[in-house]
Amino acid sequence: MLEKIDHDLNLTMTKDPEVKQRWFPLGIKHGYNDTMDPAHDFISSQGRLKYLNPIYRALIDSNQKDTAIKWFRENEDFYHPLAVSSLSKLLGLTG
């Protein structure tokens, strides 16, 4: 179903971050693998917690915490300090 929606609306390749922050978590949670690389690219170019949190939460909720931690470590120097603090807690990296 997600593949059909994506084919019809081209959501994975949208430029709109508001759509991405909703579409990528949906795809991740439901195993739509076409969203993984674009989601990784998005969180590597976007530092706002508003956009990051849903994607990291989707990774955790879909048993991909190792991927979430890997992506976080790749980008933590880029993120705003408040985003780093919040995501560290979400990922269980701080006490």
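Visitor: What is a nonpolar core, and how many residues does the largest one have in this predicted model?

Guide: A nonpolar core is a set of buried Ala, Val, Leu, Ile, Met, Phe, Trp, Tyr and Cys residues joined through side-chain atoms within 4.5 Å. The model shown here is a predicted one. Among the residues with the most contacts inside the largest nonpolar core are I55 and W71. The number of residues in this core is 25.

Visitor: Which element gives the largest share of this core?

Guide: Two or more residues of the core come from each of helix 2 (17–29), helix 3 (36–43), helix 4 (49–61), helix 5 (65–75) and helix 6 (81–90). The largest share amounts to 6 residues. The element that provides this share is helix 4.

Visitor: What pattern does the chain follow along the sequence?

Guide: The secondary structure comprises 6 helices and 0 strands. Read along the sequence, the chain therefore has the pattern α-α-α-α-α-α.

Visitor: What is the radius of gyration of the chain, and how compact is the chain?

Guide: For 95 residues the globule rule gives 12 Å, and the value for this chain is close to that, so the chain is as compact as a globular protein of that length. Along its principal axes the C-alpha trace spans about 45 × 25 × 15 Å. The radius of gyration is 13 Å.

Visitor: What percentage of the contacts with a separation of 6 or more comes from residues 24 or more positions apart?

Guide: Buried residues make up 42% of the 95 residues in the chain. For contacts with a separation of 6 or more, the part that joins residues 24 or more positions apart is 54%.

Visitor: With which residues is Y56 in contact, leaving aside its neighbours within four places in sequence?

Guide: Y56 is one of the residues with the most contacts inside the largest nonpolar core. Y56 also belongs to one aromatic cluster with F72, F78 and Y79. Beyond its neighbours within four places in sequence, Y56 is in contact with I43, A68, W71, F72, Y79, L87, L90 and L91.

Visitor: Are the rings of F78 and Y79 stacked, edge-to-face or tilted?

Guide: A search of the whole structure finds 7 aromatic pairs. In the pair of F78 and Y79, the ring centres are 6.0 Å apart and the planes stand at 55°. Planes under 30 degrees apart count as stacked and those over 60 as edge-to-face. The angle of this pair falls under neither heading, so the pair is tilted.

Visitor: Is Y79 buried or exposed?

Guide: F78 has a relative accessible area of 45% and is partly exposed. For Y79 the relative accessibility is 4%. Buried means under 20% relative accessible area, so Y79 counts as buried.

Visitor: Which backbone nitrogen lies 3.2 Å from a polar atom of the side chain of Q46?

Guide: Q46 is found in the loop between helix 3 and helix 4. At 17% relative accessibility, Q46 counts as buried. Leaving aside neighbours within four places in sequence, Q46 is in contact with Y51, L52, F78 and Y79. The backbone nitrogen at 3.2 Å from a polar atom of its side chain is that of R48.

Visitor: Which elements do the buried residues of helix 2 pack against?

Guide: The buried residues of helix 2 are K20, Q21, W23, F24, P25, G27 and I28. Those residues pack against helix 1 (2–9), helix 3 and helix 4.

Visitor: How far apart are the end C-alpha atoms of helix 2?

Guide: At the start of helix 2, a side-chain oxygen of D16 reaches to within 2.8 Å of the backbone nitrogen of E18. Just after the helix, G31 takes a positive phi of about 70°. With 13 residues at 1.5 Å a residue, helix 2 should span 18 Å, and this agrees with the distance between its end C-alpha atoms, 18 Å.

Visitor: Is N63 buried or exposed?

Guide: N63 lies in the loop between helix 4 and helix 5. N63 has a positive phi of about 60° although it is not a glycine. Its relative accessibility is 74%, and the cut-off for this class is over 50%, so N63 counts as exposed.

Terms used:
Residues are numbered from 1 along each chain as its sequence is written. This is a predicted model: local features need pLDDT of at least 70, side-chain atom pairs count only at pLDDT 80 or more; totals for chains, interfaces and linings use all residues. Side-chain values use heavy atoms; hydrogens and water are left out. Buried means under 20% relative accessible area, exposed over 50%, partly exposed in between (1.4 Å probe, protein chains only). Helices (H or I, at least four residues) and strands (E, at least two) are DSSP runs, numbered from the N terminus. Contact means heavy atoms within 4.5 Å. A polar contact is a pair of N or O atoms within 3.5 Å; within protein, one must be able to donate a hydrogen and the other to accept it, and residues adjacent in sequence count only if both atoms are side-chain atoms. Rings of Phe, Tyr and Trp (its six-membered ring) pair if their centres lie within 6.5 Å; planes under 30 degrees apart count as stacked, over 60 as edge-to-face and the rest as tilted. The expected span of a helix is 1.5 Å times one less than its number of residues. The radius of gyration is taken over C-alpha atoms; the globule rule is 2.2 Å times the number of residues to the power 0.38.
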